[in-house]
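Dear colleague,

I am passing on the structure we spoke about, together with some notes on what turned up in it. Please look at it first and then read on.

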Amino acid sequence: GWGGSPLGTMELAAVRSQVAALAEENAHLRGVNSDLRETCSHLSSEMAKIKRAFGALSNLVDAEIEGVHSDAAKLRAEITPLKEARSALQAGADRQDAELTQTRALLEEHSRGAEEWAP
């Protein structure tokens, strides 16, 4: 073995120094590992918060969309009778316009007839 020779003592000192350096590096890596675990745990917690917030926002958007669809259906229900009333008014106006045109034609015809009989 290494015995008491100067070379053996130097080799033993180098191995001890290397073991100490590796132990120090191992302790440092354990600290880094612990920090990374804490960071992962924190990020996982933040991700859960984001997912909950996104879920709540998604539900809110869904509710708003449902409200818009409901409002649109109500508006369609209100507009349909208005369209029908407008169509009825337009038909009535068209009839009155036709009657007025017919009355004017009769008046013009009577007016021409009256002029023929005038002295």
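Please keep in mind throughout that this is a predicted model. In it there is 1 salt bridge, and that seems a good place to begin before turning to the overall form.

The salt bridge is formed by the side chains of K49 and E46, with a distance of 3.3 Å from N to O. Both K49 and E46 belong to helix α1, which covers residues 6–117, and they sit 3 residues apart, about one turn of the helix. As to their surroundings, K49 has a relative accessibility of 42% and therefore counts as partly exposed, while E46, with a relative accessible area of 29%, is partly exposed as well. The reasoning behind both labels is that partly exposed covers the range between the cut-off for buried, under 20%, and the cut-off for exposed, over 50%.

S45 is also found in helix α1, and because its relative accessible area is 34%, S45 is partly exposed. This residue gives a useful sense of distance in the model, since the C-alpha atoms of S45 and G113, which are 68 residues apart along the chain, are separated by 99 Å.

There is also a nonpolar patch on the surface, formed by L57, L60, V61 and I65, whose accessible area together is about 350 Å². Of these residues, I65 has its place in helix α1, and with a relative accessibility of 42% I65 counts as partly exposed.

Turning to the whole protein, what does the secondary structure consist of, in helices and strands? The protein has 1 helix and 0 strands. Its C-alpha atoms fill a box of roughly 165 × 25 × 15 Å, taken along the principal axes, and the radius of gyration is 49 Å, whereas a compact globule of 119 residues would have one near 14 Å.

The figures for burial and surface can be read alongside that form. Of the 119 residues in the protein, buried ones make up 2%, and the accessible surface comes to about 10,600 Å², with 61% of it belonging to carbon and sulfur atoms. As for charge, the protein carries 13 positive and 19 negative charges, and the mean positions of these two groups are 10 Å apart.

With best wishes

Terms used:
Residues are numbered from 1 along each chain as its sequence is written. This is a predicted model: local features need pLDDT of at least 70, side-chain atom pairs count only at pLDDT 80 or more; totals for chains, interfaces and linings use all residues. Side-chain values use heavy atoms; hydrogens and water are left out. A salt bridge is a side-chain nitrogen of Lys or Arg within 4 Å of a carboxyl oxygen of Asp or Glu. Helices (H or I, at least four residues) and strands (E, at least two) are DSSP runs, numbered from the N terminus. Buried means under 20% relative accessible area, exposed over 50%, partly exposed in between (1.4 Å probe, protein chains only). Patches are made of residues with over 30% relative accessible area and no salt bridge: like charges are joined within 9 Å, nonpolar side chains (Val, Leu, Ile, Met, Phe, Trp, Tyr) within 5 Å. Accessible areas come from the Shrake-Rupley method with a 1.4 Å probe; for residues, only the protein chains shown count as cover. The radius of gyration is taken over C-alpha atoms; the globule rule is 2.2 Å times the number of residues to the power 0.38. Lys and Arg count as positive and Asp and Glu as negative; His and the chain ends are not counted. The place of a charge is taken as NZ of Lys, CZ of Arg, CG of Asp or CD of Glu.
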